[in-house]
Amino acid sequence: MLSHQSLQKTAILLAVITTLSACAMLNPSKYDDFAQCLTDEGATYYGSFTCPACAQQDQLFRASKEHLDYVECTTPDGQGTTVTCQAEEITSTPTWEFEDGTRLEGVQSLEALAEQTGCELPE
């Protein structure tokens, strides 16, 4: 059984987490709308948690990555390729696929993604 002090600490921690989550929802990231536009325009980002170039691509979006249509291509054990990426014939990551079927491989600038999709970059 938890002590009264442990319960208080847990309650405080939950309150802090809830507050931070609420603040994140009220303060959208700079690229949220841009990332959502990419998704709305049919752009899919194929990446891998083991890929240094994907980490660079992710850094461009920061927290806004959650708005992208992202497909993880590496199996959880880090040793293989997912069935989805095999079926889509993704041979390197990052790969961006667009609604018209064109693909761009490697880290893409936000400007290149905007040009490909017509999405507007924030100032």
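**Figure 1. Lysine 65 sits with its charged end over the ring of tyrosine 70.** In this predicted model, the charged end of lysine 65 lies 3.8 Å from the centre of the tyrosine 70 ring. Tyrosine 70 has aromatic company too: ring pairs link Phe34, Tyr45, Phe61, Tyr70 and Trp96 into a cluster. Keep that cluster in mind, as some of its members return in the views below.

**Figure 2. Phenylalanine 34 and phenylalanine 61 form a stacked pair.** A search of the whole structure turns up 4 aromatic pairs. Here the ring centres of phenylalanine 34 and phenylalanine 61 are 6.2 Å apart and the planes meet at 10 degrees, so the pair is stacked; planes under 30 degrees apart count as such. Because phenylalanine 34 belongs to helix 2 and phenylalanine 61 to helix 3, the pair ties together parts that are 27 residues apart in sequence. Are these two rings buried or exposed? Phenylalanine 34 counts as buried at 1% relative accessibility, and phenylalanine 61 is buried as well, with a relative accessible area of 0%.

**Figure 3. Phenylalanine 61 also pairs with tryptophan 96, this time in a tilted arrangement.** From centre to centre the two rings are 6.0 Å apart, and there are 40 degrees between their planes. The pair links distant parts of the chain, with phenylalanine 61 in helix 3 and tryptophan 96 in strand 3, 35 residues apart. Both partners, phenylalanine 61 and tryptophan 96, are buried.

**Figure 4. Helix 3 lines up its buried residues on one face.** Which residues of helix 3 are buried? They are Cys54, Gln57 and Phe61. Looking down the axis of helix 3, you will find its buried residues within an arc of 60 degrees, so they line one face of the helix. The cover over these buried residues includes helix 2 (32–40), strand 1, strand 3 and helix 5 (110–117). Just after helix 3 comes arginine 62, which has a positive phi, near 50 degrees.

**Figure 5. Strand 1 pairs with strand 2 and with strand 3.** With strand 2 (residues 69–72), strand 1 pairs in the parallel sense over 4 bridges, and glycine 47 stands opposite glutamate 72. To get from strand 1 to strand 2, the chain passes through helix 3 (residues 52–61), making a right-handed β-α-β crossover. With strand 3 (residues 95–97), strand 1 pairs in the antiparallel sense over 3 bridges; there, threonine 44 stands opposite glutamate 97.

**Figure 6. Strand 1 (residues 44–47) is buried on both of its sides.** In a regular strand, side chains alternate between the two faces of the sheet. Within strand 1, Thr44 and Tyr46 point one way, while Tyr45 and Gly47 point the other way, and all of them are buried. Tyr45 is one of the residues that ring pairs link into the aromatic cluster.

**Figure 7. The elements around these close-ups run α-α-β-α-β-α-β-β-α from the N terminus on.** How many helices and strands does the protein have? It has 5 helices and 4 strands. Of its 123 residues, 28% count as buried. Among contacts between residues at least 6 apart in sequence, 63% join residues at least 24 apart.

Conventions. Residues are numbered from 1 along each chain as its sequence is written. This is a predicted model: local features need pLDDT of at least 70, side-chain atom pairs count only at pLDDT 80 or more; totals for chains, interfaces and linings use all residues. Side-chain values use heavy atoms; hydrogens and water are left out. Buried means under 20% relative accessible area, exposed over 50%, partly exposed in between (1.4 Å probe, protein chains only). Helices (H or I, at least four residues) and strands (E, at least two) are DSSP runs, numbered from the N terminus. Two strands pair if DSSP finds at least two bridges between them. A crossover is right-handed if, with the strands pointing away from the viewer, the path from the first strand over the helix to the second runs clockwise. The arc is that of the directions from the helix axis to the C-beta atoms. Contact means heavy atoms within 4.5 Å. Rings of Phe, Tyr and Trp (its six-membered ring) pair if their centres lie within 6.5 Å; planes under 30 degrees apart count as stacked, over 60 as edge-to-face and the rest as tilted. A charge sits over a ring if NZ of Lys or CZ of Arg is within 6 Å of the ring centre and within 35 degrees of the ring normal.
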